[in-house]
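Visitor: I am new to reading protein structures, and I would like to take a close look at a single part. Could you guide me through the aromatic rings and then show me how they fit into their surroundings?

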Amino acid sequence: MISPFYYLLNNDCIHSRGKIIPADLEAKIIESKQKGHFPLYVNATAGTTVYGAFDPIDEMADICEKYNIWLHVDAAWGGGLLMSRKHRHKMNGIERADSVTWNPHKMMGVLLQCSAILLKEKGILQGCNQMCAGYLFQQDKQYDISYDTGDKAIQCGRHVDIFKFWLMWKAKGTVGFEQQINKCLELSEYLYSKICNREDFEMVFKGEPEHTNVCFWYIPPSLRSMPAGQERQEKLHKVAPKIKALMMESGTTMVGYQPQGDKANFFRMVISNPASTKSDIDFLVEEIERLGQDL
């Protein structure tokens, strides 16, 4: 019996900041094997959707090698940090993964849609997907048919996404991408430090964010003296949606919000546009306070 990866990675394996805890992961693998299951796949995330957290890939790779388990890294959001010498250490060990997914359209600014999947084993995509349809993919062409992508992917005739990334890389260069990414990270650090110094804002978790995801609550005056408890939680849960609605009505700015587990709705500011400035961040903070002052 084969156990799916989510059997291994339940909430017991996840740190409060959204990272997998390697020791707990290994314990779950052992537990699964003792029950007669055969865990075959572990998913590490480089830049989670909500917190922007980076799993400890190197330590997870050690465990996967020990138990002969496929290690996949979802770097859809965080993969762009590979371009930054300052931040790429957050993805240490990614070269040990059996497969990696990456969406340059998310952090790199490449046109939608641009997704890539990288695999260590050559030919595996073709082996899994090829239909050998002779009427589509003739084998006797005058050029190297290994460049034909159609028979290597489920989408068949869809345009090659990665070509968009290649063109932009040629235009910007690695240094251009590095500067773009570093600026976005610097702006997120600026927002974090700005919020930490204000009594009317509260971070969702302690410590500086690893990516450009900055998760925080705005605490209106009516809630600042209210003791922690169910009533305060319920009232706080309504704050972000109300402010978001006012933002939309006024047309001044737009920031996403969401709950996470038992946490009340919080703002999740994600910075991916290198054209943003510190004055934009200043405006955002002041606008949230202005709109939420009377809630």
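Guide: Before we start counting, it helps to know that rings of Phe, Tyr and Trp, with the six-membered ring taken for Trp, are said to pair if their centres lie within 6.5 Å, and that planes over 60 degrees apart count as edge-to-face. In this model, which is predicted, there are 10 aromatic pairs. One of them is formed by W217 and F266, whose rings sit 6.1 Å apart from centre to centre with 85° between their planes, and that angle makes the pair edge-to-face. Because W217 belongs to strand β6 (residues 213–218) while F266 belongs to strand β8 (residues 263–270), the pair ties together parts that are 49 residues apart in sequence. Both W217 and F266 are buried, and in the protein chain as a whole, 43% of the 295 residues count as buried.

The pair also has company, for W217 and F266 join Y51 and F205 in one aromatic cluster. Two names from that cluster, Y51 and F205, return when we turn to the enclosed space in the model, since they line the largest cavity together with R17, K19, G52, A53 and E210. That cavity holds about 30 Å³ of space, and its lining divides into three nonpolar residues, one polar residue and three charged residues.

An open space can be set beside this enclosed one: the largest pocket holds about 1,100 Å³. It is lined by 31 residues, of which I117, L125, T149, K152 and A153 are the closest to its centre. The elements that contribute two or more residues to this lining are β3 (99–102), β4 (116–119) and α5 (124–129), and α5 gives the most, with five residues. Sorted by class, the lining of the largest pocket has 14 nonpolar, 12 polar and five charged residues.

To place these details in the whole, note that the protein chain has nine helices and eight strands, and that its C-alpha trace spans about 75 × 55 × 35 Å along the principal axes. Among the helices, α6 (residues 162–196) deserves a careful look, for its 35 residues would reach 51 Å in a straight helix at 1.5 Å a residue, yet its end C-alpha atoms are only 39 Å apart. If you follow α6 along its length, you will find a bend of about 90° at G173.

Conventions: Residues numbered from 1 in each chain as written. Predicted model: local features only at pLDDT ≥ 70, side-chain atom pairs only at ≥ 80, totals over all residues. Heavy atoms only, no water. Phe/Tyr/Trp six-rings, centres within 6.5 Å; stacked < 30°, edge-to-face > 60°. Helix = DSSP H or I, 4+ residues; strand = E, 2+ residues; numbered from the N terminus. Buried < 20%, exposed > 50% of the residue type's maximum accessible area, 1.4 Å probe, protein only. Expected span 1.5 Å × (residues − 1). Bend = angle between axes of the 7 residues up to and from the residue. 1 Å grid on protein atoms, 1.4 Å probe; cavity = no way out; pocket = protein on both sides within 12 Å on 5 of 7 lines; lining within 4 Å. Points joined across faces, edges and corners; volume = space filled by probe spheres on them. Nonpolar A, V, L, I, M, F, W, Y, C, P; charged D, E, K, R; others polar.
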